[in-house]
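Here is a walk through one protein model, starting from a single side chain and moving outward to the elements around it.

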Amino acid sequence: MTWDELKATFASRIASTYEATIGRLSAAIQATPTAFEARVTAFFALLAECKANLDRIQARLPNPPRTQADAANVARYTEMKALYDALVLGISQNAVQVPQVGIAPAVVIVVGSVGLSVAGVAWAVAAWEYAASLRDQTGFMAQELDARVQASQRGTQLQPTTATPPSAPAPGGGAVGDDDKKGGAWVWLLGIGAAAAAAALIVPKLGKG
């Protein structure tokens, strides 16, 4: 899946995917929330990897852009950051920082210090494949930029590429992968506000849980 395909699929399908997920899993999440902990933990881990890749990309981009290729890379980074912000916004709208004493009644899963409602868990499930794809796409772009910087230092030049990382999955289901084993990457989420850049993409109004 190319970046353009991932972006278009997210914008056109995430709302319906989320609605279908919460409709299908709401009762199960309330009844046995522990069954969803691995997928939620994996979602946080994927978001953390996306953020690390985006930071790496940003550090490699010239400011201001010097060429058309630079401008295209900046535009692509901006779109990827907007998709990342949308994924974060979808989870943060239904996440609370859990106090040391007591837990909010709406919280069904706690990951680190973050408590999620049913709606938050449903978002993590529905958006997991998108986060996995974004992780792959941002990682691929970061590696490509690193290679170009190294080539420039050697006085060589790489050919333009539009290749897609072969590991990027097509959103729409799939089994829990190795990412579920990583876990724990949730600290950066604490204290965030609404991501303004997410307005560039479609994010459903959550809050059913």
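**From one leucine to the sheet**

In this predicted model, Leu134 touches Trp3, Leu6, Cys50, Met80, Leu83, Tyr84 and Leu87, once its neighbours within four places in sequence are set aside.

Leu134 also belongs to the largest nonpolar core, a group of 48 residues. Leu134 is among the residues with the most contacts inside that core, along with Phe10, Val40, Phe43, Leu87 and Trp123. Which elements supply at least two residues each to this core? They are the helices H1 (3-31), H2 (37-60), H3 (68-92) and H4 (118-154), together with the strands S2 (109-111) and S3 (114-116). H4 gives the largest share, with 17 residues. In soluble globular proteins, nonpolar side chains tend to be buried together.

The strands come next. An open sheet is formed by 3 strands, ordered S1-S3-S2, with antiparallel pairing. S1 (95-97) and S2 are the edge strands, and each has a single partner, so one side of each has no neighbour in the sheet. From one strand to the next, the twist averages 30°.

As a general point, strands of a sheet pair through backbone hydrogen bonds, either parallel or antiparallel. Here, S1 and S3 run antiparallel and are joined by 3 bridges. Where does Gln97 find its bridge partner in S3? That partner is Val114.

The last step returns from the sheet to a helix. H2 lies across S2 and S3, and runs at about 40° to S2. H2, S2 and S3 are also among the elements that each supply at least two residues of the core described above.

Technical notes: Residues numbered from 1 in each chain as written. Predicted model: local features only at pLDDT ≥ 70, side-chain atom pairs only at ≥ 80, totals over all residues. Heavy atoms only, no water. Core = buried A, V, L, I, M, F, W, Y, C linked by side-chain atoms within 4.5 Å. Buried < 20%, exposed > 50% of the residue type's maximum accessible area, 1.4 Å probe, protein only. Helix = DSSP H or I, 4+ residues; strand = E, 2+ residues; numbered from the N terminus. Contact = heavy atoms within 4.5 Å. Pairing = 2+ DSSP bridges. Axes fitted to C-alpha atoms, helices over the stretch in contact; angles between N-to-C directions.
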